[in-house]
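Me: Could you take a close look at one helix for me, and tell me how it sits against the rest of the protein?

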Amino acid sequence: MATEGLGFEARRLIRGAAAATLATSADGMPFATLVTPATAPDLSALMLLSSLSEHTRHLRAEPRCSLLFVGAPESTNPQTAPRVTVTGLAEMVPEDEVPPLKARWLARHPYAALYADFGDFALWRVKPGGALLVGGFARATRLRVADLLPDRAAAAAVAAAEAEILAHVNADHPDAVGAIATGLHGAVPGDWRLVSVDTDGCDLALEDTVIRHAWPAPVADADGVRAGLIRAAREGRAAQQANT
């Protein structure tokens, strides 16, 4: 697979992960912990961290860290699970950038609204500096940051159109969102909503349940998102009919 395709494969794992392992260090000793990331349009990993947590104290002293994202294994052997390790520098998100990025994080983790505004929590991000993609057993590839990140112009274009896309789809095409969720992902029927889009896919939510739907290939703009949603809705409806 070409490097561009491997970058897309890695991004699909990263954007689709509801949880990841964060590795930090303190006084020369490594420390690993569970975190619940989301991704910014540019693939920066967003994390809502408490200042009371040990790993947050580590990042304040040493921002170099890594995140491990793991997909579903192909067999009973855990080594067959696709996974990607991202290395980078962690930083607190500046106040002027927090509102849209925090909303994006909450779209991925709606249950966290119960504590997201507590005073000890702050939004952090890790900007990738490189990655190691393991596509399964004995299939490892190092990815440069240029090969990992989405196209910058495409990410900006989709982000700029996101609010309009969400409003239009949720107001005028809720049936299409439901078809994607139930037909393609086996979800229970309900008032599914489109809550985020990016160059690599979209997120659908029903109360606290969130489903990630990946595009077949990266998209470059709002028209690409529209085409991806139309295709997914068509396939979802076909799957619904096949199961009735």
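Reply: Here's a walk along helix H7 and what packs against it. First the ground rules: this is a predicted model, where local features need pLDDT of at least 70, side-chain atom pairs count only at pLDDT 80 or more, and totals for chains, interfaces and linings use all residues. Residues are numbered from 1 along each chain as its sequence is written, and side-chain values use heavy atoms, with hydrogens and water left out.

H7 covers residues 222–242; helices here are DSSP runs of H or I with at least four residues, strands are E runs of at least two, and both are numbered from the N terminus. Its 21 residues should span 30 Å at 1.5 Å a residue, and the end C-alpha atoms are 30 Å apart, which agrees (the expected span is 1.5 Å times one less than the number of residues).

Now the two sides. Gly 224, Val 225, Gly 228, Leu 229, Ala 232, Ala 233, Gly 236 and Ala 239 are buried in H7, with buried meaning under 20% relative accessible area, exposed over 50%, and partly exposed in between (1.4 Å probe, protein chains only). These buried residues cover an arc of only 165 degrees around the axis, which puts them on the same side of H7; the arc is that of the directions from the helix axis to the C-beta atoms. An α-helix has 3.6 residues a turn, so residues three or four places apart point the same way.

Turned away from that buried side is a face with the exposed residues Asp 223, Arg 226, Arg 234, Gln 241 and Ala 242. And the cover over the buried residues of H7? It includes helices H5 (152–172) and H6 (174–185), along with strands E9, E10 (201–206) and E11 (209–214).

Conventions: Contact = heavy atoms within 4.5 Å.
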